[in-house]
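Visitor: Please pick one part of this model and take me through it closely. I would also like to see how that part fits with its surroundings.

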Amino acid sequence: MTDCGIGGGEARLRMPGPAELERDLLIATGSARVRVVDASAAGEGAPVPCVIAIGAFDGCHRGHQELLAHAVRDARARGVEAVAVTFNPDPDEVLSPNPARKLMTAQDRFAALAALGAQVAVVPFTPELAALDHQAFFDEVLAPALDIRAIHVGSDFRLGARGASTVEVIREWGATRGIEVTGHDLLTDGARPITATRIRASLAAGAIEHAARELGRRPLVRGRVGHGRGEGTGMGFPTANIAVPTGLQLPADGVYAGFVAVGCDVWPAAINAGVPPMFSDSPASAHLEANLIGYEGDLYGAQVDVLFDRRLRPSCSFDSLDALIRAVQNDIDAVRTNYGEEPVRIARDF
(Lines give C-alpha, C1' and ligand atoms only; values in the text may rest on other atoms or scores of the structure.)
Protein backbone atom coordinates (compact mmCIF):
# COMPACT_ATOMS: atom_id res chain seq x y z
CA MET A 1 0.00 0.00 0.00
CA THR A 2 1.33 3.46 -0.87
CA ASP A 3 2.30 5.57 2.12
CA CYS A 4 0.44 8.87 1.75
CA GLY A 5 1.78 10.37 4.97
CA ILE A 6 3.97 13.43 5.13
CA GLY A 7 6.59 11.84 7.34
CA GLY A 8 8.11 13.14 10.51
CA GLY A 9 11.29 13.75 12.40
CA GLU A 10 12.55 16.53 10.15
CA ALA A 11 13.86 19.76 11.59
CA ARG A 12 11.77 22.86 10.98
CA LEU A 13 12.52 24.36 7.60
CA ARG A 14 12.61 28.02 6.69
CA MET A 15 11.40 30.49 4.13
CA PRO A 16 14.37 31.53 1.94
CA GLY A 17 15.52 35.15 1.93
CA PRO A 18 15.24 37.53 -1.03
CA ALA A 19 18.75 36.90 -2.42
CA GLU A 20 18.24 33.13 -2.45
CA LEU A 21 14.85 33.43 -4.10
CA GLU A 22 16.14 35.89 -6.70
CA ARG A 23 18.88 33.39 -7.55
CA ASP A 24 16.38 30.55 -7.88
CA LEU A 25 14.03 32.67 -9.99
CA LEU A 26 16.91 33.53 -12.36
CA ILE A 27 16.62 37.24 -11.79
CA ALA A 28 19.78 38.60 -13.41
CA THR A 29 21.46 41.66 -12.01
CA GLY A 30 24.18 42.13 -14.62
CA SER A 31 24.25 43.95 -17.94
CA ALA A 32 24.90 40.91 -20.14
CA ARG A 33 22.88 40.82 -23.33
CA VAL A 34 21.51 38.18 -25.67
CA ARG A 35 22.40 38.34 -29.36
CA VAL A 36 21.25 36.07 -32.18
CA VAL A 37 24.16 34.98 -34.35
CA ASP A 38 23.13 34.08 -37.88
CA ALA A 39 23.68 35.30 -41.43
CA SER A 40 22.67 38.83 -40.40
CA ALA A 41 25.58 39.08 -37.97
CA ALA A 42 27.97 40.01 -40.76
CA GLY A 43 26.37 43.44 -41.00
CA GLU A 44 26.54 44.30 -37.30
CA GLY A 45 30.03 45.79 -37.12
CA ALA A 46 33.43 44.35 -36.29
CA PRO A 47 33.53 40.92 -34.62
CA VAL A 48 33.75 41.08 -30.83
CA PRO A 49 37.09 39.90 -29.35
CA CYS A 50 36.07 37.17 -26.92
CA VAL A 51 36.57 33.91 -25.10
CA ILE A 52 33.68 31.52 -25.67
CA ALA A 53 32.07 28.55 -23.95
CA ILE A 54 29.86 26.39 -26.16
CA GLY A 55 26.97 24.13 -25.20
CA ALA A 56 23.25 23.47 -25.20
CA PHE A 57 23.29 24.41 -21.48
CA ASP A 58 19.88 22.89 -20.68
CA GLY A 59 19.28 23.57 -17.00
CA CYS A 60 22.39 25.75 -16.73
CA HIS A 61 23.38 23.41 -13.90
CA ARG A 62 26.47 23.49 -11.66
CA GLY A 63 28.63 21.85 -14.32
CA HIS A 64 27.64 24.53 -16.82
CA GLN A 65 28.20 27.21 -14.21
CA GLU A 66 31.75 25.97 -13.60
CA LEU A 67 32.46 25.90 -17.34
CA LEU A 68 31.25 29.48 -17.71
CA ALA A 69 33.34 30.52 -14.71
CA HIS A 70 36.45 29.21 -16.49
CA ALA A 71 35.54 31.18 -19.61
CA VAL A 72 34.81 34.37 -17.66
CA ARG A 73 38.13 34.21 -15.80
CA ASP A 74 40.01 33.54 -19.02
CA ALA A 75 38.27 36.44 -20.76
CA ARG A 76 39.12 38.84 -17.94
CA ALA A 77 42.76 37.76 -18.04
CA ARG A 78 42.86 38.45 -21.78
CA GLY A 79 40.92 41.70 -21.54
CA VAL A 80 38.11 40.55 -23.82
CA GLU A 81 34.42 39.63 -23.52
CA ALA A 82 33.18 36.26 -22.23
CA VAL A 83 30.49 34.81 -24.51
CA ALA A 84 28.27 31.77 -23.96
CA VAL A 85 27.48 30.29 -27.37
CA THR A 86 24.28 28.26 -27.28
CA PHE A 87 21.56 27.09 -29.66
CA ASN A 88 17.85 27.62 -30.17
CA PRO A 89 16.10 25.32 -30.46
CA ASP A 90 18.09 22.80 -28.47
CA PRO A 91 19.86 20.50 -30.99
CA ASP A 92 18.04 17.53 -29.45
CA GLU A 93 14.73 18.98 -30.65
CA VAL A 94 15.96 19.03 -34.25
CA LEU A 95 18.00 15.83 -34.38
CA SER A 96 16.09 13.40 -32.16
CA PRO A 97 12.76 11.75 -33.07
CA ASN A 98 12.01 11.69 -29.31
CA PRO A 99 13.59 14.78 -27.79
CA ALA A 100 14.07 14.79 -24.05
CA ARG A 101 11.96 17.04 -21.88
CA LYS A 102 13.75 20.26 -21.06
CA LEU A 103 14.80 21.54 -17.66
CA MET A 104 14.01 25.14 -18.58
CA THR A 105 12.60 27.28 -21.37
CA ALA A 106 14.96 28.87 -23.87
CA GLN A 107 14.40 32.32 -22.38
CA ASP A 108 15.24 31.07 -18.89
CA ARG A 109 18.34 29.39 -20.29
CA PHE A 110 19.51 32.67 -21.80
CA ALA A 111 18.75 34.54 -18.56
CA ALA A 112 20.65 31.97 -16.48
CA LEU A 113 23.70 32.24 -18.74
CA ALA A 114 23.60 36.03 -18.66
CA ALA A 115 23.41 35.97 -14.86
CA LEU A 116 26.76 34.16 -14.83
CA GLY A 117 28.49 37.19 -16.33
CA ALA A 118 28.67 36.21 -20.00
CA GLN A 119 27.24 37.75 -23.11
CA VAL A 120 24.94 35.23 -24.78
CA ALA A 121 25.24 34.37 -28.48
CA VAL A 122 22.29 32.30 -29.69
CA VAL A 123 22.79 30.30 -32.88
CA PRO A 124 19.56 29.19 -34.63
CA PHE A 125 19.86 25.40 -34.89
CA THR A 126 18.68 23.87 -38.16
CA PRO A 127 19.38 20.64 -40.08
CA GLU A 128 21.64 22.71 -42.33
CA LEU A 129 23.68 23.89 -39.34
CA ALA A 130 23.88 20.32 -38.04
CA ALA A 131 25.45 19.24 -41.35
CA LEU A 132 28.39 21.66 -41.03
CA ASP A 133 31.80 20.54 -39.83
CA HIS A 134 33.58 22.43 -37.07
CA GLN A 135 35.64 24.55 -39.43
CA ALA A 136 32.57 25.80 -41.30
CA PHE A 137 30.76 26.42 -38.00
CA PHE A 138 33.54 28.61 -36.64
CA ASP A 139 34.50 30.32 -39.89
CA GLU A 140 31.11 30.83 -41.49
CA VAL A 141 28.70 31.07 -38.55
CA LEU A 142 30.62 32.51 -35.60
CA ALA A 143 33.53 34.46 -37.17
CA PRO A 144 31.37 37.28 -38.65
CA ALA A 145 30.22 38.14 -35.10
CA LEU A 146 32.92 36.81 -32.77
CA ASP A 147 36.68 37.25 -32.85
CA ILE A 148 37.47 34.11 -30.85
CA ARG A 149 40.66 34.02 -28.78
CA ALA A 150 39.95 30.87 -26.74
CA ILE A 151 37.28 28.15 -26.52
CA HIS A 152 36.07 26.32 -23.39
CA VAL A 153 33.95 23.15 -23.59
CA GLY A 154 33.30 20.01 -21.58
CA SER A 155 35.67 17.10 -22.12
CA ASP A 156 32.88 15.08 -23.78
CA PHE A 157 31.93 17.89 -26.19
CA ARG A 158 31.37 16.99 -29.84
CA LEU A 159 30.51 19.28 -32.72
CA GLY A 160 29.62 19.06 -36.38
CA ALA A 161 28.01 16.49 -38.64
CA ARG A 162 27.44 13.22 -36.72
CA GLY A 163 29.46 14.64 -33.84
CA ALA A 164 32.72 13.98 -35.68
CA SER A 165 34.60 16.93 -34.18
CA THR A 166 35.92 15.98 -30.75
CA VAL A 167 37.76 18.33 -28.40
CA GLU A 168 41.07 17.08 -29.79
CA VAL A 169 39.99 17.73 -33.40
CA ILE A 170 38.87 21.26 -32.50
CA ARG A 171 42.09 21.83 -30.53
CA GLU A 172 44.17 20.91 -33.61
CA TRP A 173 42.10 23.32 -35.71
CA GLY A 174 42.50 26.07 -33.11
CA ALA A 175 46.27 25.61 -32.98
CA THR A 176 46.50 26.71 -36.64
CA ARG A 177 44.54 29.90 -35.79
CA GLY A 178 46.15 30.84 -32.50
CA ILE A 179 42.97 29.86 -30.65
CA GLU A 180 43.45 27.96 -27.39
CA VAL A 181 40.91 25.15 -26.90
CA THR A 182 40.33 23.63 -23.44
CA GLY A 183 38.18 20.59 -22.67
CA HIS A 184 37.30 20.64 -18.98
CA ASP A 185 36.58 17.56 -16.89
CA LEU A 186 32.89 17.31 -16.04
CA LEU A 187 31.92 18.40 -12.54
CA THR A 188 30.83 15.42 -10.45
CA ASP A 189 28.34 14.92 -7.64
CA GLY A 190 29.68 11.92 -5.79
CA ALA A 191 31.31 9.70 -8.39
CA ARG A 192 29.04 10.61 -11.30
CA PRO A 193 29.14 13.62 -13.64
CA ILE A 194 26.43 16.25 -13.29
CA THR A 195 24.38 16.18 -16.48
CA ALA A 196 20.98 17.42 -17.63
CA THR A 197 19.99 13.77 -18.19
CA ARG A 198 20.75 12.90 -14.59
CA ILE A 199 18.85 15.92 -13.24
CA ARG A 200 15.90 15.08 -15.47
CA ALA A 201 15.82 11.57 -14.01
CA SER A 202 15.92 12.98 -10.47
CA LEU A 203 12.91 15.17 -11.18
CA ALA A 204 11.04 12.29 -12.79
CA ALA A 205 11.63 10.32 -9.58
CA GLY A 206 10.50 13.18 -7.34
CA ALA A 207 14.02 13.61 -5.90
CA ILE A 208 13.75 17.39 -5.64
CA GLU A 209 16.63 17.93 -3.24
CA HIS A 210 19.01 15.88 -5.40
CA ALA A 211 17.98 17.83 -8.51
CA ALA A 212 18.36 21.13 -6.65
CA ARG A 213 21.84 20.21 -5.44
CA GLU A 214 23.02 19.52 -9.00
CA LEU A 215 21.21 22.52 -10.51
CA GLY A 216 22.64 24.83 -7.86
CA ARG A 217 19.15 26.18 -7.22
CA ARG A 218 15.59 24.94 -6.73
CA PRO A 219 13.75 23.55 -9.79
CA LEU A 220 11.66 26.25 -11.44
CA VAL A 221 8.70 26.34 -13.82
CA ARG A 222 6.69 29.34 -14.93
CA GLY A 223 3.12 29.44 -16.14
CA ARG A 224 -0.18 31.26 -16.28
CA VAL A 225 -3.07 30.67 -13.90
CA GLY A 226 -6.27 29.46 -15.56
CA HIS A 227 -9.59 27.96 -14.57
CA GLY A 228 -9.57 24.41 -13.23
CA ARG A 229 -12.09 22.01 -11.74
CA GLY A 230 -13.25 24.48 -9.09
CA GLU A 231 -13.48 21.89 -6.30
CA GLY A 232 -10.68 23.44 -4.23
CA THR A 233 -12.60 26.52 -3.14
CA GLY A 234 -15.58 24.43 -2.10
CA MET A 235 -13.34 22.16 -0.04
CA GLY A 236 -11.76 25.09 1.78
CA PHE A 237 -8.42 25.38 0.01
CA PRO A 238 -8.58 27.33 -3.27
CA THR A 239 -5.82 26.40 -5.68
CA ALA A 240 -4.16 28.15 -8.61
CA ASN A 241 -4.28 25.93 -11.68
CA ILE A 242 -1.09 26.66 -13.62
CA ALA A 243 -0.58 25.96 -17.32
CA VAL A 244 3.12 25.49 -18.10
CA PRO A 245 4.85 25.28 -21.50
CA THR A 246 4.81 21.85 -23.11
CA GLY A 247 8.00 19.85 -23.23
CA LEU A 248 9.26 20.77 -19.74
CA GLN A 249 10.30 18.14 -17.22
CA LEU A 250 7.98 18.43 -14.21
CA PRO A 251 8.60 16.55 -10.97
CA ALA A 252 6.97 13.15 -10.46
CA ASP A 253 3.28 13.15 -9.58
CA GLY A 254 2.88 14.08 -5.96
CA VAL A 255 2.60 16.89 -3.45
CA TYR A 256 5.50 19.27 -2.83
CA ALA A 257 6.38 22.11 -0.51
CA GLY A 258 7.62 25.11 -2.42
CA PHE A 259 7.16 28.75 -3.27
CA VAL A 260 5.11 30.68 -5.81
CA ALA A 261 6.14 34.13 -6.99
CA VAL A 262 3.36 36.56 -7.88
CA GLY A 263 4.95 39.77 -9.07
CA CYS A 264 7.48 40.81 -6.42
CA ASP A 265 6.00 38.64 -3.66
CA VAL A 266 7.00 35.01 -3.10
CA TRP A 267 4.54 32.93 -1.09
CA PRO A 268 4.97 29.55 0.62
CA ALA A 269 2.84 26.99 -1.20
CA ALA A 270 1.62 23.40 -1.21
CA ILE A 271 2.01 22.26 -4.83
CA ASN A 272 0.42 19.28 -6.56
CA ALA A 273 2.15 17.94 -9.67
CA GLY A 274 0.11 15.60 -11.88
CA VAL A 275 -3.64 15.05 -12.01
CA PRO A 276 -5.03 13.77 -8.68
CA PRO A 277 -6.31 10.21 -9.25
CA MET A 278 -9.74 11.10 -7.85
CA PHE A 279 -10.18 13.71 -10.64
CA SER A 280 -8.37 11.96 -13.48
CA ASP A 281 -11.53 11.83 -15.59
CA SER A 282 -12.14 15.58 -15.38
CA PRO A 283 -11.09 17.44 -18.55
CA ALA A 284 -10.57 20.58 -16.43
CA SER A 285 -7.93 18.97 -14.23
CA ALA A 286 -4.64 20.82 -14.18
CA HIS A 287 -1.26 19.07 -14.19
CA LEU A 288 0.14 21.66 -11.80
CA GLU A 289 -1.77 23.43 -9.05
CA ALA A 290 -0.75 25.30 -5.95
CA ASN A 291 -2.29 26.57 -2.75
CA LEU A 292 -0.51 29.80 -1.78
CA ILE A 293 -0.39 29.89 2.02
CA GLY A 294 -1.63 33.24 3.31
CA TYR A 295 -2.50 34.65 -0.13
CA GLU A 296 -5.89 36.29 -0.63
CA GLY A 297 -6.96 37.49 -4.03
CA ASP A 298 -7.81 36.47 -7.56
CA LEU A 299 -4.94 34.93 -9.54
CA TYR A 300 -6.81 34.10 -12.75
CA GLY A 301 -4.75 35.18 -15.72
CA ALA A 302 -1.65 35.95 -13.63
CA GLN A 303 1.82 34.84 -14.64
CA VAL A 304 3.42 32.98 -11.72
CA ASP A 305 6.74 31.27 -11.02
CA VAL A 306 6.83 27.98 -9.11
CA LEU A 307 9.84 26.77 -7.10
CA PHE A 308 9.90 23.21 -5.73
CA ASP A 309 11.62 22.80 -2.34
CA ARG A 310 10.90 19.21 -1.28
CA ARG A 311 8.44 16.37 -1.74
CA LEU A 312 5.78 15.89 0.92
CA ARG A 313 4.16 12.71 -0.39
CA PRO A 314 3.40 10.76 -3.58
CA SER A 315 0.13 11.11 -5.45
CA CYS A 316 -2.47 8.90 -3.78
CA SER A 317 -5.97 7.55 -4.30
CA PHE A 318 -8.36 8.13 -1.42
CA ASP A 319 -11.43 6.17 -0.35
CA SER A 320 -13.55 9.28 0.08
CA LEU A 321 -13.66 13.00 -0.52
CA ASP A 322 -13.33 13.54 3.25
CA ALA A 323 -10.08 11.55 3.27
CA LEU A 324 -8.74 13.66 0.40
CA ILE A 325 -9.67 16.89 2.21
CA ARG A 326 -7.88 15.74 5.37
CA ALA A 327 -4.74 14.82 3.38
CA VAL A 328 -4.64 18.13 1.53
CA GLN A 329 -5.23 20.06 4.75
CA ASN A 330 -2.31 18.15 6.30
CA ASP A 331 -0.14 19.16 3.33
CA ILE A 332 -1.10 22.82 3.74
CA ASP A 333 -0.55 22.68 7.51
CA ALA A 334 2.92 21.18 6.98
CA VAL A 335 3.90 24.00 4.65
CA ARG A 336 2.49 26.64 6.98
CA THR A 337 4.31 25.14 9.98
CA ASN A 338 7.65 25.06 8.20
CA TYR A 339 7.54 28.19 6.06
CA GLY A 340 4.92 30.45 7.63
CA GLU A 341 2.26 32.32 5.71
CA GLU A 342 3.91 35.63 4.91
CA PRO A 343 5.44 36.49 1.52
CA VAL A 344 9.06 37.44 0.92
CA ARG A 345 9.53 40.61 -1.12
CA ILE A 346 12.05 40.37 -3.97
CA ALA A 347 13.48 42.89 -6.41
CA ARG A 348 12.66 42.32 -10.06
CA ASP A 349 12.02 44.34 -13.19
CA PHE A 350 9.11 43.69 -15.54
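**A close look at helix 9**

Guide: The count comes to 23 salt bridges. The model is a predicted one. Let us enter through one of those salt bridges. Glu 214 forms a salt bridge with Arg 198, and their closest N and O atoms are 3.3 Å apart. Distant parts of the chain are linked here: Glu 214 belongs to helix 9 and Arg 198 to helix 8, with their positions 16 residues apart. Glu 214 is buried, and Arg 198 is buried too. Side chains of opposite charge can pair when their charged atoms come close.

Now take helix 9 as a whole. It covers residues 208-215, and six of its eight residues are buried, so the rest of the structure largely encloses it. The buried ones are Ile 208, His 210, Ala 211, Ala 212, Glu 214 and Leu 215. To be buried, a residue must have under 20% relative accessible area. What does the covering of these buried residues include? Two helices are among the elements: helix 2 (62-78) and helix 8 (196-204). Strand 9 (188-189), strand 13 (254-262) and strand 16 (303-314) are included as well. After helix 9 comes Gly 216, with a positive phi near 85°.

Glu 209 has charged partners as well. It belongs to a network of salt bridges that also links Arg 14, Glu 20, Arg 23, Asp 24, Arg 218, Asp 309 and Arg 310.

Next, follow strand 16, one of the elements that cover helix 9. Its residue Asp 305 makes a salt bridge with Arg 222, and the closest N and O atoms there are 3.2 Å apart. Asp 305 is in strand 16 and Arg 222 in strand 11 (residues 220-226), so this pair ties together parts 83 residues apart in sequence. Asp 305 and Arg 222 are buried.

Asp 305 and Arg 222 lead us on to Leu 25, which is in contact with them. Beyond its neighbours within four places in sequence, Leu 25 also contacts Leu 220, Ala 261, Val 266, Leu 307 and Ile 346. The largest nonpolar core has 49 residues, and Leu 25 and Val 266 touch the most other members. Helix 11 contributes the most to this core, giving seven residues. Another core lies apart from it, with 30 residues, including Leu 103, Trp 267, Ala 273 and Phe 308. In soluble globular proteins, nonpolar side chains tend to be buried together.

Helix 11 (residues 321-339) also holds Asp 333 and Arg 336, three residues apart, which is about one turn of the helix. They form a salt bridge, with closest N and O atoms 3.2 Å apart. Asp 333 has 32% relative accessibility, so it counts as partly exposed. Arg 336 is partly exposed too, with a relative accessible area of 32%.

Last, look at the sheet. Six strands form it in the order 1-4-3-2-5-8, open and with parallel pairing. Strand 1 (34-36) and strand 8 (180-184) are the edges, each with a single partner strand, so one side of each has no neighbour in the sheet. From one strand to the next, the twist averages 30°. Helix 2, part of the cover of helix 9, packs on this sheet and touches strand 2 (48-54), strand 3 (81-88), strand 5 (146-154) and strand 8. The direction of helix 2 makes about 145° with that of strand 5.

Notes
Residues numbered from 1 in each chain as written. Predicted model: local features only at pLDDT ≥ 70, side-chain atom pairs only at ≥ 80, totals over all residues. Heavy atoms only, no water. Buried < 20%, exposed > 50% of the residue type's maximum accessible area, 1.4 Å probe, protein only. Helix = DSSP H or I, 4+ residues; strand = E, 2+ residues; numbered from the N terminus. Contact = heavy atoms within 4.5 Å. Salt bridge = Lys/Arg side-chain N within 4 Å of Asp/Glu carboxyl O. Core = buried A, V, L, I, M, F, W, Y, C linked by side-chain atoms within 4.5 Å. Pairing = 2+ DSSP bridges. Axes fitted to C-alpha atoms, helices over the stretch in contact; angles between N-to-C directions.
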